[in-house]
Amino acid sequence: MSTIQQTLEKKIVQKVETGSINPYENAMKQLEIAARIIKLDPSIQEILSEPKRILTVSLPIKMDDGKVRNFQGYRVQFNDARGPFKGGIRYHPNVTLDEVKALAAWMTWKCAVVDIPYGGAKGGIVCDPKNMSMGEKERLTRRYTAMIGDFIGPYRDVPAPDVYTDPQTMSWILDTYSQMKGYQVPECVTGKPIALGGSEGRNNSTSRGCIITAREAAKVLKFPLKGATGAVQGYGNAGYWSAVFLSELGVKVVGVSDSKGGIYSKSGINPAKVQIHKDKTGSVVGFEGTEEISNEELLELDVDVLVPAALENAITKRNAPNIKAKIIAEAANGPTTPEADKILQNNKVFLVPDILANSGGVTVSYLEWVQNLNREHWTEEAVNAKLEEKMVSAFKSTFEMAGRYNVSMRDGAMALAVGKVAEAIQKLGMWP
Ligand code: NAD
């Protein structure tokens, strides 16, 4: 079977498994709910139902074997009423335009919830980075940057890493963009290595922020986290650091997983040691002293705190009734479908929604951009203190909003965010 056929096959299997869930439809359902709550002007809702700009680019790349392959890339700029577009770039075989649109919408709400002066965007390339060499990934990244180069920039649209992209990818974007301009523009991208103007604390800021929100949720519930149990789905950047920070709060992490499967140990696992095992073997599976479990079993473990940190649609109406966690902090984007949301709410699960829970990453991206624009470099303590302040404040505003309208934290966060974006659109007025 050819690579393209295999990718198509995988997509079909995934669609069947997730019940054909379209993330953009989910994002729009969430918008509709928020619009109803805040009685949003229908004309503003209409504006917010479509991205401001969609770029689709074709990326011919010379592969290491000398053959040329053509990749499809996207950059979706959802809304910039509150500031320059901002959002990560994902490399994954299952990237679709609707997924990128949904992620761009969520970025818009996320920046509004955590109150940083950005709009929302997202990028994606349909590719399988696990089966590409560094050289192939570099050529793909540089070609993509050149193709979207006229539409990005420090005051236009500032990309960052997402699934299977990292500081190295950001370095190639920075270099390509700067070569095109003729001068160094470190503020055109965030999530860079420290040597190129990256911020201290950026590498684990998403998870640091996520676990701050889990801690605030536990405070509201008057539930002590010390001695509680936790599980983390996905063991990449967001998942690994979430496990570390949960452990630091005294939570016993009993299960973690990645795309190859999950592991469980009643007595708890050491996140750093699991990472060393994953670096050596390519997966968390097989870590000594643990039993192998499926991803489905991981989500349904009898734990107090659950952190989905993989991809969309992990928690659906199928498995939501079996989830036992008291607190879910969504490190991933869109891990819970709207139908599952309702089930979790009825079951009194305290869910910290993605646009709040994982906003620590974009918050420190914003701090990185501010440092770059001012040619400054702050200490990790200074960055983490600002992050803590932003996360606690955003949690409080969301909790108050949820209380005011007697709705879930997701609907409270959406109502808060959509209200802010709508106000900015109204104040800007229409041109022409
Ligand atoms: P990553 O590429 O570092 O890690 C992704 C992890 O998910 C890998 O361990 C992979 O094996 C695992 N995975 C993939 N499919 C899986 C499956 N079906 N079941 C279990 N695990 C699976 O990516 P990341 O940066 O950690 O991003 C993870 C999620 O967090 C994404 O939804 C991303 O959008 C979100 N997020 C990340 C950041 C950030 O700063 N890294 C910021 C905000 C949101």
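The following exercises, with worked solutions, concern local geometry and helix packing in a predicted model.

**Exercise 1. Packing of helix 7 and helix 13**

Task: Determine how helix 7 (residues 205–221) is oriented relative to helix 13 (residues 359–373), and describe the contact between them.

Solution:
1. The two helices pack at an angle of about 125°, and their axes are 6 Å apart.
2. Angles of 65 to 115 degrees count as roughly perpendicular and those over 145 as roughly antiparallel, the rest above 35 being oblique. Helix 7 is therefore oblique to helix 13.
3. The crossing of this pair, helix 7 and helix 13, is right-handed.
4. Helix 7 contributes Ser-205, Thr-206 and Gly-209 to the contact, while helix 13 contributes Gly-360, Gly-361 and Val-364.
5. By class, the contact residues comprise one nonpolar, five polar and no charged, with Gly counted among the polar residues.

**Exercise 2. Length and surroundings of helix 8**

Task: Test whether the span of helix 8 (residues 237–248) agrees with its number of residues or departs from it, then identify its buried residues and what covers them.

Solution:
1. The expected span is 1.5 Å times one less than the number of residues. For the twelve residues of helix 8 this gives 16 Å.
2. The end C-alpha atoms of helix 8 are 17 Å apart, which agrees with that expectation.
3. The buried residues of helix 8 are Ala-238, Gly-239, Tyr-240, Ser-242, Ala-243, Val-244, Phe-245 and Leu-246.
4. The cover over these buried residues includes helix 7, strand 6 (229–233), strand 7 (252–258), helix 9 (271–281) and strand 10.
5. Just after helix 8, Gly-250 has a positive phi of about 90°.

**Exercise 3. Backbone exceptions**

Task: Locate Tyr-164, Asn-313 and Pro-432, and state the backbone feature of each residue.

Solution:
1. The background is that most residues other than glycine have a negative phi, and most peptide bonds are trans.
2. Tyr-164, although not a glycine, has a positive phi of about 60°. Tyr-164 belongs to the loop between strand 5 (157–161) and helix 6 (167–181).
3. Asn-313 likewise has a positive phi, near 55°, and is found in the loop between strand 10 (305–308) and strand 11 (327–329).
4. For accessibility, the cut-off for a buried residue is under 20%. At 10%, Asn-313 is therefore buried, whereas Tyr-164, at 40%, counts as partly exposed.
5. The peptide bond from Trp-431 to Pro-432 is cis, with omega near 5°. Pro-432 is situated in the segment after helix 15 (409–428).

Definitions and conventions:
Residues numbered from 1 in each chain as written. Predicted model: local features only at pLDDT ≥ 70, side-chain atom pairs only at ≥ 80, totals over all residues. Heavy atoms only, no water. Axes fitted to C-alpha atoms, helices over the stretch in contact; angles between N-to-C directions. Helix = DSSP H or I, 4+ residues; strand = E, 2+ residues; numbered from the N terminus. Left-handed = near helix turned anticlockwise from the far one by under 90°. Contact = heavy atoms within 4.5 Å. Buried < 20%, exposed > 50% of the residue type's maximum accessible area, 1.4 Å probe, protein only.
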